[in-house]
Every structure is written in structure tokens, then in C-alpha cells.
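Visitor: Please show me the model, and then let us go through it one question at a time.

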Amino acid sequence: MFSSCADPKTLEGLSWLLCYLTSGKHIDFYWSFLTVLTLLVVTAPAAMAFGFAGAMAARSQFLPLRLLGKVYTAMVRGVPDIVFFLFFVIALDQGIEWMKHQVVCPDWSEPIRQGLEFRVCPEAKVPSGSSAQIWHQIYGFTLAVFTFAIVFGAFAANVLYGAMGAVPRAQLETAEAYGMSHRQVFRRILVPQMWTYALPGLSNLWMILIKATPLLFLLGVKDIVYWARELGSAKTQAYAFPHPDWRLWYFLGLLVVYLCMTRVSELILARLTARLSHGQATAGGEAMRRAAQ
Amino acid sequence: MTCMETIGQYAFRSLGYGEKLLPRTDFTLCQQFTLIGSGLIWNLYFGALALLFGFFLSNALAMAKASGNPWLRKPAEWFIFVFRGSPLFIQFFLAYSALVMLPRGGIDLFGLHIATTWLTSAWAGALIVLFLNTAAYAAEIFYGALMSVPKGDLEAAEAYGIHGWSKFRRIQWPTMLRLAWPAYTNEAIFLFHATTLVFFSGFPAFQQRGDALYYANYFADKTFNPFVPYPIVAFYFILLTFSLIGLFGFVNRRLNRHLPSNTRSKIRLRPQLIR
């Protein structure tokens with residue numbers, strides 16, 4: 001990055017460290033933080049959408065839909081989330097290739113599962129074998145985001161289902177007495193009113209989501225954990241910047257980054273909770289009303 | 001080969017007994033069920049011991065956090081913040097890379113020789129991390145419960161002349177435990193779920209002795225078919241979750257036995273704790 005870094009073997013002390021921390025691989029490491037933030041920014045709304053759909057399905061009048069919603073909300077209760085992460089990444093990949101296979105090569109006669117292999121026709125590979133490395137990475141990241149959204153959607157569905165049930169019945173009855181239809185009650189009363197009840201659960205979920213981001217590493221994405229392991233491991237004289245095993249310091253750095261992220265989120269969420277409790281018929285809202293008098 | 005033979009070969013494979021080689025071709029359903037079940041022994045080991053040791057530390061931490069003395073309170077608050085605020089996955093990596101840096105030959109301390117190599121193996125190193133982690137999570141639960149012990153109970157105790165340690169032991173602590181128990185049940189369940197991370201986080205599986213998810217991942221990699229091994233893990237963990245709920249529910253009934261039936265606290269599974 002700097003011209004003085006051309007020959008790192010001659011450097012010492014602080015200038016060595018400066019050159020070391022701005023080497024090409026370290027720049028990649030810093031960019032991978034963006035990967036994590038992107039995951040958070042994309043997954044949070046996607047998981048909310050999944051969760052909203054799940055909660056609505058679980059409340060549906062139509063039995064098969066209700067069962068689907070109930071199963072979706074129940075699936076994360078008994079089974080570790082990592083099982084889902086490992087499962088969905090392969091299952092989604094195979095599902096997509098299988099569907100593309102059905103469309104692209106309809107007259108392919110060989111079976112897709114041959115013993116220990118999953119073999120679709122070459123045209124049905126996603127992304128196609130000839131595409132650039134970057135597309136493989138983007139595809140992998142998209143699968144990971146989708147997997148996160150499914151799993152966290154199930155958690156969110158639990159929270160939202162509970163919150164929809166917690167809105168005081170009297171408020172809904174009042175709306176019905178004003179002649180609103182089912183749909184109107186849902187849209188105008190239930191959804192706006194449920195947030196104050198959902199917020200404790202959702203803020204908990206956001207914390208969990210932050211703490212689940214290192215699992216990206218398990219899904220084969222080159223995230224911060226990957227780079228910390230890669231850069232921290234001992235480097236011999238063959239490398240430009242030889243050093244002993246520094247993984248401890250890299251992971252310590254990651255730990256501090258995560259602690260900062262959770263702390264900042266905590267502070268922001270506390271403010272949001274105070275805002276949403278304003279004027280609500282809850283203990284939090286009552287405390288605010290008393291304080292204002 | 002019949003299924004009974006397979007069970008005989010692989011039932012304790014995760015502990016190093018039985019057949020040395022894992023199956024490589026012609027995977028049967030029986031092999032997958034047996035090996036994954038064998039791996040579950042490790043999940044039970046990690047979960048049960050971390051929970052047992054963590055219970056004592058978490059009580060101490062909760063008391064320290066509730067104490068008026070800042071020399072006790074501040075360290076407890078920091079401990080809880082660090083372990084609850086950071087991902088368990090990173091904690092595992094950090095602990096492993098720290099333990100590897102210990103001198104290989106052991107440490108000589110005041111003439112005592114302390115071996116260190118055993119700390120880097122999963123059975124010890126990962127157990128320590130899980131123990132500290134669950135202690136922090138449970139301490140926050142117990143602290144919350146300690147703060148919500150009804151004021152009237154404490155005043156009644158004072159009125160009966162029960163003070164100090166005896167008040168804590170006979171009134172505060174049992175009430176705290178009763179109030180915290182439903183949340184603590186959830187913590188226990190998610191601790192068991194978290195044990196599946198161990199062999200994915202730096203700690204090596206010595207001679208392919210891994211936990212349930214390790215073997216499931218092995219099968220999924222070999223067969224390229226995730227639709228069999230992962231549902232088997234899921235099945236085992238659902239069983240585990242139900243037995244935990246049963247076990248903790250039994251304790252919960254005992255803790256609540258003096259209360260009229262309408263004020264008892266019930267255990268509700270809240271899936272809100274992953275690390």
C-alpha cells in the first residue's frame with residue numbers, strides 16, 4: 001500500500017507493523033467485516049419477513065397453512081441451530097440444481113443420485129462451471145444469507161406470534177365495534193400495537209443474530225473468522241511478514257469487536273424500547289406515565 | 001452385517017472403543033443411527049458437566065453482582081458481560097489458541113510440575129469454555145431472580161428474627177431458585193444445543209472421536225446427502241430436549257410444591273438463547 005513497504009524484510013518496529021497491517025491480505029480481512037455487516041443488514045429484514053409470514057400462517061383459519069406455520073415456528077425449539085445451518089446450505093444448493101436440471105435437461109436419462117454422488121447435467125450447475133470465482137463466492141454468500149433468514153425467521157415467527165397474542169383483546173374488540181373488518185383490524189390495530197410486545201424478543205433476537213455471524217465460517221464463506229485463522233497462523237521466512245502463531249491476538253481482536261457491537265446495540269435498543277413503550281398499556285408505559293406526572 | 005453387529009462395533013466409537021475405521025462405503029441407516037448416537041455421548045458429557053459446575057459458579061456470580069461491594073460487583077459484571085456479549089464460537093477459538101500457547105513441557109510452579117497438554121484436548125478445553133459460558137448466562141438469570149424476590153418475604157423473615165446468612169439460605173436463595181427455574185431450564189436446553197459447536201471450532205477430534213454433529217457432518221460429506229444424517233441428529237436432540245424438560249419439570253414441581261396451584265410458575269420453552 002505504501003511505497004516504503006516494498007521490501008518488508010528491511011523494516012523494523014512500528015513501520016514494520018504499519019506495513020504488516022496494511023498488506024493485501026489484511027485489506028481483504030478488513031473488507032470481510034463488511035461481509036458480516038452485509039449479512040446483518042440483509043438477514044435482519046429477510047428474517048423479519050419470514051417471521052411475519054410464519055406468524056401469520058400460524059394464526060391462519062385455514063388448517064394446512066396453520067399447521068405449516070406451527071411446524072415452522074416449532075422447528076428451532078428442539079434442534080440446535082447449527083444443524084439447520086449445515087443442512088440448509090447443502091439442501092438448498094441441491095434443490096436449486098435439481099430444479100434447474102429438470103428445466104434445462106429434460107431428456108437426461110441417468111439418475112441424479114448415483115450411489116454417493118449428486119450428479120446433474122453440466123448445464124444445470126449453479127453457478128455454471130465457467131463463471132468467474134467471484135460468482136461462486138456471491139452464490140455461496142447468498143445461500144448463507146437465505147439459510148440465516150430461514151432459521152432466524154423461525155425465531156422471529158415465535159416472537160411475533162407471541163406478540164400478536166399479547167395485544168389486549170379489548171383494543172381489538174373496540175376496533176370491531178367501530179365496524180372494521182378482520183383485515184382492517186389486523187392492519188390498523190394489531191400490527192401497529194404488537195411492536196411494543198415484540199420488542200424485548202426482537203432485541204434479544206438481534207443480539208443472537210450478531211453472535212451467530214461467525215457461523216458464516218462454517219458455511220464456507222470467507223468471513224472474519226476465516227481471515228483471522230489464516231492471518232494469525234505462524235508464518236515462516238518464506239512469507240513477506242514472518243511471525244509466530246498470532247491467532248490468539250486476532251481472536252482477541254474479534255472478541256473486542258463483537259463486545260463493542262453488542263454493547264452499542266444494547267444502548268440503541270434500550271432507547272427504542274423507551275420510545276415504543278410511550279403511552280402503552282404496559283408496565284413500562286405506566287412507569288413513564290407516572291414519571292411524567 | 002446385521003444391525004446388532006453394527007451397534008456392537010460403533011456404539012462406543014466416539015469414546016475410542018470398538019471398530020477403529022469409520023464406514024467408508026455402503027452406508028446403512030443403522031450405521032448412521034449408531035454412530036451419531038455414539039457421538040451424542042459427548043454432547044451429554046459436555047452439557048451435563050458444564051451445567052453442574054456452572055450452577056455453582058453462576059450462584060456465586062449472581063451473589064457477587066448483587067453485592068454492594070464494588071470489588072465483588074465489578075468483576076462479576078465484567079465476567080458476565082464478556083461471556084454474554086461475545087459469540088461462543090469466538091470464545092472457543094480464542095480459548096483453543098490461548099491453550100495451545102502454553103508451554104508443551106508443562107509449567108513448574110513452586111517446585112510443582114503442572115502438565116498442560118491435556119488442556120488443549122476437547123474434553124477439557126471445550127468443557128472449560130462451556131462451563132464459564134453457561135455460568136455467565138445462568139448468573140444473569142439468577143441475578144434477575146434475586147432482584148425479584150418479593151419484598152414482603154424478606155420483611156416477614158426479619159420479623160421472625162431470621163437475619164444474615166440464615167435469611168439468605170432459608171428464604172432468599174430458595175425463592176431465587178424457584179423464580180429462576182423456568183428460565184434456567186431454557187438455558188440448560190440451549191447449553192446442550194451449543195455443545196454441537198465444539199468440534200467445529202478449532203478443538204480437534206482425536207482419532208475421529210467426535211460428537212453427534214461431527215459424525216452427521218462426516219456422513220453428509222461422504223454421501224453428499226444431507227437428508228438422512230441431519231434429521232437423525234435432529235431426532236436425537238428432540239428426544240434430549242424432551243427429557244431435559246421432564247427432568248427440570250420434576251425439580252420445578254418440587255420447588256413450587258408449597259404454593260397454591262394457581263400461582264405456580266410453569267416451564268415454557270422460549271427459543272431465545274443461542275450463543
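Visitor: How far apart are the end C-alpha atoms of residues 205–228 of chain A?
Guide: This is a predicted model. The span is 54% helix and 0% strand. UniProt, in an unreviewed entry, lists residues 205–228 of chain A among its "transmembrane region" features. From end to end, the C-alpha atoms of this span are separated by 26 Å.

Visitor: And what is the end-to-end distance for residues 30–53 of chain A?
Guide: The UniProt record also gives residues 30–53 of chain A as a "transmembrane region". Here the chain is 100% helix and 0% strand. The end C-alpha atoms are 36 Å apart.

Visitor: In what order do the elements of chain A run?
Guide: Chain A has ten helices and two strands. Read from the N terminus, the order is α-α-α-α-β-β-α-α-α-α-α-α.

Visitor: What radius of gyration does chain A have, set against a compact globule of 293 residues?
Guide: The C-alpha trace of chain A spans about 80 × 70 × 30 Å along its principal axes. Buried residues account for 28% of its 293 residues. A compact globule of that length would come out near 19 Å, but chain A has a radius of gyration of 25 Å.

Visitor: Is A:A58 buried or exposed?
Guide: A:A58 belongs to helix α2 (residues 24–58) of chain A. A residue counts as buried when 20 or more other C-beta atoms lie within 10 Å of its own. A:A58 has 22 such atoms within 10 Å, so A:A58 is buried.

Visitor: How far apart in space are A:A58 and A:Y161?
Guide: Neighbours within four places in sequence aside, A:A58 is in contact with A:R66, A:G69, A:K70, A:T73, A:A157 and A:Y161. A:A58 and A:Y161 are 103 residues apart in sequence. In space, C-alpha to C-alpha, their separation is 7.5 Å.

Visitor: Which elements do the buried residues of α9(A) pack against?
Guide: Helix α9 of chain A (residues 247–277) has 31 residues and reaches 44 Å, close to the 45 Å expected. Its buried residues include A:R247, A:Y250, A:F251, A:L254 and A:Y258. Residues three or four places apart in an α-helix point the same way, because there are 3.6 residues a turn. The packing partners are α8 (224–232) of chain A, and α3 (70–85) and α4 (88–100) of chain B.

Visitor: Which residue just after α9(A) takes a positive phi?
Guide: The helix itself covers residues 247–277 of chain A. Just after α9(A), a phi of about 70 degrees is found at A:G279.

Visitor: Which elements do the buried residues of α9(B) pack against?
Guide: α9(B) has 27 residues and reaches 39 Å, close to the 39 Å expected. Among its buried residues are B:Y230, B:V233, B:F237 and B:L240. The partners lie in both chains: α3 (63–78) and α4 (81–104) of chain A, with α2 (29–66), α7 (164–194) and α8 of chain B.

Visitor: How do the residues on the side of chain B that touches chain A divide into nonpolar, polar and charged?
Guide: In this interface, 34 residues of chain B are in contact with 38 residues of chain A. On the chain B side, two or more residues each come from α3, α4, α8 (212–223) and α9 (229–255). The chain B residues divide into 23 nonpolar, nine polar and two charged.

Visitor: Which helix gives the largest share of the largest nonpolar core?
Guide: That core has 129 residues, and B:F92, B:F142, B:A216 and B:V233 touch the most other members. The largest share, 17 residues, comes from helix α5 (residues 133–166) of chain A.

Visitor: Which residues does B:F92 touch, not counting those up to four places away in sequence?
Guide: B:F92 is one of the core members that touch the most others. Beyond its sequence neighbours, B:F92 touches B:A126, B:V129, B:L197, B:V198, B:S201, B:G202 and B:F203.

Visitor: What percentage of residues 40–246 of chain B is helix?
Guide: The unreviewed UniProt entry annotates residues 40–246 of chain B as "domain: ABC transmembrane type-1". Chain B as a whole has nine helices and two strands. Over residues 40–246 the end C-alpha atoms are 19 Å apart, strand makes up 3%, and helix makes up 73%.

How values were computed:
Residues are numbered from 1 along each chain as its sequence is written. Chains are lettered from A and ligands numbered from 1 in the order in which they are written. This is a predicted model: local features need pLDDT of at least 70, side-chain atom pairs count only at pLDDT 80 or more; totals for chains, interfaces and linings use all residues. Helices (H or I, at least four residues) and strands (E, at least two) are DSSP runs, numbered from the N terminus. The expected span of a helix is 1.5 Å times one less than its number of residues. A residue is buried if 20 or more other C-beta atoms lie within 10 Å of its own, exposed if 12 or fewer, and partly exposed in between; C-beta atoms are placed from the backbone. Two residues are in contact if their C-beta atoms, placed from the backbone, lie within 7 Å. UniProt positions are given in the numbering used here, feature names are shortened, and annotations may be inferred rather than shown by experiment. The radius of gyration is taken over C-alpha atoms; the globule rule is 2.2 Å times the number of residues to the power 0.38. A nonpolar core is a set of buried Ala, Val, Leu, Ile, Met, Phe, Trp, Tyr and Cys residues joined through C-beta atoms within 7 Å. Ala, Val, Leu, Ile, Met, Phe, Trp, Tyr, Cys and Pro count as nonpolar, Asp, Glu, Lys and Arg as charged, and the others, Gly among them, as polar.
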